[in-house]
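Reader: I'd like to learn how to read a ligand site. Can we go through one together, starting with the contacts?

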Amino acid sequence: MRLRTLWLIPVALVLVVTGCSTEDDGDGGEGAAAAACEPGGTDGDLVLYNWSEYIDPELITQFEQQYGVSVTEDFFPSNEDMLAKVSSGASGFDVVVPSDYMVAIMIEEGLLAELQADAIPNLANLDPEFTDLPFDPEGRYSVPYQWGTSGIAVDTNVVGEDFEQSWGIIFDPEQADAYSGKISMLNDPRESLGAALKYLGYSLNTSDPDELAEAQELLTETTARLATYDSDQFEDLLVGGETAVAHGWSGDFFRAFDEASTDDFDAYEQYSYFVPEEGGVRWVDNMAILADAPHPCTAHTFVDFMLDAENGAALTNFNFYASPNAAAEEFIDPEILEDPAIYPPEEVVANLEFIEDTGDFETQYSDAFTQAKG
Ligand code: SPD
């Protein structure tokens with residue numbers, strides 16, 4: 001009895017220090033299901049799998065210093081790439097940042113850990129609009145990170161000021177041939193086929209094989225006039241002059257415009273981002289903890305850290321995407337908060353669709369995209 005008590009004392013001390021009620025106090029722990037985490041608890045270093053240029057490096061440093069852990073980051077260019085890597089098992093990642101439809105797919109495939117809400121007190125900071133989203137009712141597996149739109153940015157020195165705000169600038173040969181070799185599209189099956197479907201007047205969530213075949217044919221013809229399919233550098237290619245028309249994500253463009261601006265040059269005057277009148281994608285990216293995360297308690301603490309009001313604002317002030325964090329608003333740069341291209345008004349949002357999980361039809365999208373790219 002006495003021996004057992006003595007043995008328990010150091011274990012209890014470890015639990016108090018780490019704030020984690022499992023024996024997993026270091027690398028290679030038992031996974032999210034086995035750990036009961038507490039606010040601010042840690043159980044090892046964090047491995048984060050995120051989209052590129054999506055987090056202020058200062059936030060990473062701040063997290064490391066505040067919690068005495070180190071963070072390793074790896075990056076993915078599309079939801080499908082991330083899924084492939086995570087599905088292969090024992091990826092070693094703790095936190096991933098899937099978009100809406102991909103959260104639904106990952107829940108279905110058992111890849112995500114159910115969140116321990118008690119370990120994430122800053123969940124209270126979320127705007128109620130983001131607490132019960134259709135891809136993860138009641139937010140049991142994911143926490144919104146940032147949201148934005150997909151659209152087109154153009155170089156007005158090349159296309160002029162008088163262009164139509166339509167997907168036609170990419171898909172209609174009468175308009176787009178003038179920019180042949182100077183157009184980029186996202187290297188992303190649902191995004192680029194979705195753009196073609198919207199141009200054709202269909203839902204970007206269609207499960208109709210004929211509609212998808214039409215979109216595939218259109219994209220195949222379009223491939224011939226593209227400089228590239230790219231999801232990582234589309235904004236840099238535009239401001240660098242390699243392209244004149246770029247399909248991409250709102251915040252990445254604005255960040256590039258901001259960085260390209262100087263005292264003598266306002267990049268916002270030369271480049272213009274719009275959501276085509278036919279409609280497009282509104283998306284929400286989300287933090288989620290993998291079911292086999294080696295460090296689930298550090299992962300919960302990271303999610304909570306990102307939901308802090310000032311940290312949430314720092315995220316938006318860095319990446320120019322809209323925040324789902326209501327408490328962050330007072331710390332967000334007012335120019336960003338009042339920019340209708342970053343926080344689009346209701347009438348624009350009403351014309352947008354979330355990408356949804358189409359179940360078994362997802363592989364049709366992937367196959368169609370591979371074939372369209374040639
Ligand atoms: N540089 C970060 C970009 C993140 C974009 N995610 C949006 C995916 C929408 N399908």
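Author: Sure. A polar contact is a pair of N or O atoms within 3.5 Å; within protein, one must be able to donate a hydrogen and the other to accept it, and residues adjacent in sequence count only if both atoms are side-chain atoms. Here a ligand nitrogen lies 2.8 Å from a polar backbone atom of Ser52. A ligand nitrogen is also 2.8 Å from a side-chain N or O atom of Glu191, and a polar side-chain atom of Asp285 is 2.8 Å from a nitrogen of the ligand.

Reader: How much of the ligand's accessible area does the protein cover?

Author: Of the 340 Å² the ligand has on its own, 98% is covered by the protein (Shrake-Rupley areas, 1.4 Å probe).

Reader: What should I know about the model itself?

Author: This is a predicted model: local features need pLDDT of at least 70, side-chain atom pairs count only at pLDDT 80 or more, and totals for chains, interfaces and linings use all residues. Residues are numbered from 1 along each chain as its sequence is written, and side-chain values use heavy atoms, leaving out hydrogens and water.

Reader: Which residues are around the ligand?

Author: "Around" means a heavy atom within 4 Å. The residues include Trp51, Tyr54, Trp249, Asp252, Trp283 and Tyr321.

Reader: And which domains does the shell draw on?

Author: Domain bounds come from an automatic or database assignment. The shell takes at least three residues from each of domain 1 (18-145 + 284-337) and domain 2 (148-282 + 342-373). The C-alpha centres of domain 1 and domain 2 are 28 Å apart.
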